[in-house]
Amino acid sequence: MAGRPREFDRDVALAKARDAFWSRGYEGVSMADLVEKLGIASARIYAAFGSKRELFQEAVALYDAEEGGFAVRAMAEEKTATRAIERSLREAIENCTRKGRPQGCMIVSAATNCAAENEDVREFLAEYRRGRSALLLKRLERAIAEGELKPEADAQALADHYATILLGVAVQARDGVPRTRLLATIPMAMLPIQAVAL
């Protein structure tokens, strides 16, 4: 005998959960909030996604595959590290300031501080952020090896510089700094890599 069909679209529900967590963070979204936002009973949420934590992790993965995946795509698609970083900065600003969407970056703001029982959620997002820094470092090391950047260029310092800027963009956007002002910072942000370019 076939089970009772679900009365909701799981993908739509996941996107709504992503936006709720993106807007208010992990601890700022209760199960009651999720019931209201998703329009389905808590029992059905648990049946479809498991726990709130598992739903959050799926929501982060969805964000990372779509809006939040700009840096991964830029590093893979651009021919030079300089162009990849400039594109990452531009797309980060566009993503963080899009009209009709939560402001800022979900990976940055959804769990920067947590109660002790949710420390693993904070660490889960910290690991995502460390992964982005590692991605920058790998691309910059490749740029040095391929002769795009001077051999003496400090790949780690450059990676930390751009990771810090990307995090700062997310916070500034969350605080309401307009897109035009954030985009105006890109030329100055690019000076360190331009200084070591060949």
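In which helix is the place of Leu158? In this predicted model, Leu158 sits in helix 9, and that residue is a good entry point to the rest of the structure.

Some orientation helps before going further. The protein contains 12 helices and 0 strands, so its pattern, read along the sequence by DSSP runs, is α-α-α-α-α-α-α-α-α-α-α-α. The C-alpha trace spans about 65 × 40 × 30 Å along its principal axes. Of the 198 residues in the protein, 43% are buried. Among contacts with a separation of 6 or more, 69% are accounted for by residues 24 or more positions apart.

Returning to Leu158, its relative accessible area is 8%, and this residue counts as buried because that value falls under 20%. Setting aside neighbours within four places in sequence, Leu158 is in contact with Leu140, Leu149, Pro192, Ile193 and Val196. Leu158 and Leu137 are 21 residues apart along the chain, and their C-alpha atoms are separated by 7.7 Å. One of the partners of Leu158, Leu149, has a list of its own: beyond its neighbours within four places in sequence, Leu149 is in contact with Thr82, Leu140, Ala143, Ile144, Leu158, Ile193, Val196, Ala197 and Leu198.

Leu149 also leads to the nonpolar interior. In soluble globular proteins, nonpolar side chains tend to be buried together. Here the largest nonpolar core has 63 residues. Those with the most contacts inside this core are Phe21, Leu34, Phe56, Ile85, Met106, Leu140 and Leu149. Helix 9 supplies the largest share of the core, with 9 residues.

Helix 9 comes up again at the largest pocket. Rolling a probe the size of a water molecule over the atoms shows where empty space is left. The largest pocket has a volume of about 270 Å³. It is lined by 18 residues, of which Cys105, Val108, Arg132, Leu166 and Leu167 are the closest to its centre. Two or more lining residues come from each of helix 5 (70-77), helix 6, helix 7 (106-109), helix 8 (119-145) and helix 9 (155-174). Helix 9 gives the most to this lining, with 5 residues. Sorted by class, the lining has 14 nonpolar, 2 polar and 2 charged residues.

Polar side chains have their own places in the model. Asn95 lies in helix 6 (residues 81-96). With a relative accessible area of 1%, Asn95 is buried. Its side chain makes a polar contact with the side chain of Tyr63 at 2.9 Å. Not counting residues up to four places away in sequence, Asn95 touches Trp22, Tyr63, Glu67, Phe70 and Gly104.

Glu67, one of the residues that Asn95 touches, is found in the loop between helix 4 (52-65) and helix 5. Glu67 counts as buried because its relative accessibility is 13%, under the 20% cut-off. The side chain of Glu67 makes a polar contact with the side chain of Arg101 at 2.7 Å. Apart from neighbours within four places in sequence, the contacts of Glu67 are Arg18, Trp22, Arg73, Asn95, Arg98 and Arg101. Trp22 is thus listed both for Asn95 and for Glu67.

Another charged residue, Asp33, is found in helix 2 (residues 31-38). Is Asp33 buried or exposed? Asp33 is buried, since its relative accessible area is 18% and the cut-off is under 20%. Leaving aside neighbours within four places in sequence, Asp33 is in contact with Arg24 and Gly28. With Arg24 there is a polar contact between the two side chains, at 3.4 Å. Asp33 and Ala115 are 82 residues apart in sequence, and their C-alpha atoms are 19 Å apart in space.

Beyond helix 2, the chain enters the loop that leads to helix 3 (42-49), and Ile40 has its place in this loop. Ile40 is buried, with a relative accessible area of 9%. Outside its neighbours within four places in sequence, Ile40 is in contact with Phe8, Val35 and Ile45. Ile40 and Phe56 are 16 residues apart in sequence and 16 Å apart in space, C-alpha to C-alpha. Phe56 is among the residues with the most contacts inside the largest nonpolar core.

Key. Residues are numbered from 1 along each chain as its sequence is written. This is a predicted model: local features need pLDDT of at least 70, side-chain atom pairs count only at pLDDT 80 or more; totals for chains, interfaces and linings use all residues. Side-chain values use heavy atoms; hydrogens and water are left out. Helices (H or I, at least four residues) and strands (E, at least two) are DSSP runs, numbered from the N terminus. Buried means under 20% relative accessible area, exposed over 50%, partly exposed in between (1.4 Å probe, protein chains only). A polar contact is a pair of N or O atoms within 3.5 Å; within protein, one must be able to donate a hydrogen and the other to accept it, and residues adjacent in sequence count only if both atoms are side-chain atoms. Contact means heavy atoms within 4.5 Å. On a 1 Å grid over the protein atoms alone, a cavity is a set of points where a 1.4 Å probe fits but cannot get out, and a pocket is an open set with protein on both sides within 12 Å along at least five of seven lines; lining residues have an atom within 4 Å of a point. Grid points are joined across faces, edges and corners, and a volume is the space filled by probe spheres set on the points. A nonpolar core is a set of buried Ala, Val, Leu, Ile, Met, Phe, Trp, Tyr and Cys residues joined through side-chain atoms within 4.5 Å.
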